[in-house]
Structures are given as C-alpha cells and as structure tokens.
Amino acid sequence: MSSHSTHSSSTASLARNRQYTHLQSQLAQLNAHLADTENLLAMTAVQAEYLRGLGGWWGGLFMSASKVLGEEGNNSAATAGAAGGGDRTKAGRE
C-alpha cells in the first residue's frame with residue numbers, strides 16, 4: 001500500500017507542477033498583453049490630443065466659412081431686397 005500512496009502522491013505532485021508551469025506561462029502572457037495595452041493607451045492619449053487640436057482647427061474653419069457664407073447670403077439678400085423688394089412694398093401699399 002505504501003507504494004500506491006507514493007505513486008499517487010508523486011502523480012499529484014507532478015500534476016501540481018504542471019499546473020504551476022501552465023499558470024506561470026499564462027501570467028507571463030498576461031503581463032505581455034498588459035504591457036501592450038499600456039503602450040496602446042499611451043499612443044491613444046497622444047492621438048486624442050492631436051484629434052482635439054484638429055477638432056478645434058476644423059471648428060474654426062467651419063465658423064469662418066459660416067461667417068463668410070452668411071455675409072454673402074446677407075449681401076445677396078440685401079441686393080435682391082433693394083432691387084425687387086422696393087417694388088413689392090410700393091405695390092402692397094397701393
């Protein structure tokens with residue numbers, strides 16, 4: 001019986017060592033993936049700053065375009081109103 005208990009003890013020890021080795025391998029892989037994630041997050045933070053600047057630049061461009069197009073729209077409306085709007089006003093009064 002003692003050889004049977006030694007054999008089962010040896011088998012359990014071997015299985016435990018195999019599990020520890022597998023766990024160590026998985027922990028090393030997890031550590032590598034965490035390092036990759038950390039690098040990717042750092043790069044994402046840098047890119048977010050660039051996107052913020054780009055968004056500000058595009059916002060300024062859209063506001064400028066809106067102002068220019070708004071002035072052109074007001075000028076063309078004023079020109080059309082002076083040319084045709086005066087006649088309508090006179091016709092409406094009569």
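**View 1. Whole chain of the predicted model.** Helices and strands here are DSSP runs, a helix having at least four residues and a strand at least two. By that rule, the chain has one helix and zero strands. The model is predicted. Its pLDDT averages 84 over the chain. A score of at least 70 is reached by 78% of the residues.

**View 2. Surface of the chain.** Of the 94 residues, 1% count as buried. The accessible surface of the chain is about 8400 Å². Carbon and sulfur atoms account for 61% of that surface.

**View 3. A nonpolar patch on the surface.** Six names make up this patch: Leu51, Leu54, Trp57, Trp58, Leu61 and Phe62. Together they offer about 670 Å² of accessible area.

**View 4. The aromatic cluster.** Trp57, Trp58 and Phe62 form one aromatic cluster. These three residues also belong to the nonpolar patch. The count of aromatic pairs comes to two. One of them joins Trp57 and Trp58. Their ring centres are 5.3 Å apart, and the planes meet at 85 degrees. That pair is edge-to-face, because planes over 60 degrees apart count as such.

**View 5. Trp58 and Phe62 along the helix.** Both residues lie in helix α1 (residues 2-93). They are four residues apart, about one turn of the helix. Their ring centres are 5.8 Å apart. The planes stand at 40 degrees, so the pair is tilted. An angle of 40 degrees is neither under 30 degrees, as for stacked rings, nor over 60, as for edge-to-face rings.

**View 6. Exposure of the three aromatic residues.** Trp57 has a relative accessible area of 53%, so this residue is exposed. Phe62 is exposed as well, at 57%. Trp58 has 39% and therefore counts as partly exposed. The cut-offs behind these words are under 20% for buried and over 50% for exposed.

**View 7. The C-terminal residues 90-94.** Over residues 90-94, pLDDT stays under 50. In the model, this stretch has zero contacts beyond four places in sequence. Where pLDDT is low, predicted coordinates should not be read in detail.

Definitions and conventions. Residues are numbered from 1 along each chain as its sequence is written. This is a predicted model: local features need pLDDT of at least 70, side-chain atom pairs count only at pLDDT 80 or more; totals for chains, interfaces and linings use all residues. Side-chain values use heavy atoms; hydrogens and water are left out. Rings of Phe, Tyr and Trp (its six-membered ring) pair if their centres lie within 6.5 Å; planes under 30 degrees apart count as stacked, over 60 as edge-to-face and the rest as tilted. Buried means under 20% relative accessible area, exposed over 50%, partly exposed in between (1.4 Å probe, protein chains only). Accessible areas come from the Shrake-Rupley method with a 1.4 Å probe; for residues, only the protein chains shown count as cover. Patches are made of residues with over 30% relative accessible area and no salt bridge: like charges are joined within 9 Å, nonpolar side chains (Val, Leu, Ile, Met, Phe, Trp, Tyr) within 5 Å. A salt bridge is a side-chain nitrogen of Lys or Arg within 4 Å of a carboxyl oxygen of Asp or Glu. pLDDT is the predictor's confidence in each residue, from 0 to 100. Contact means heavy atoms within 4.5 Å.
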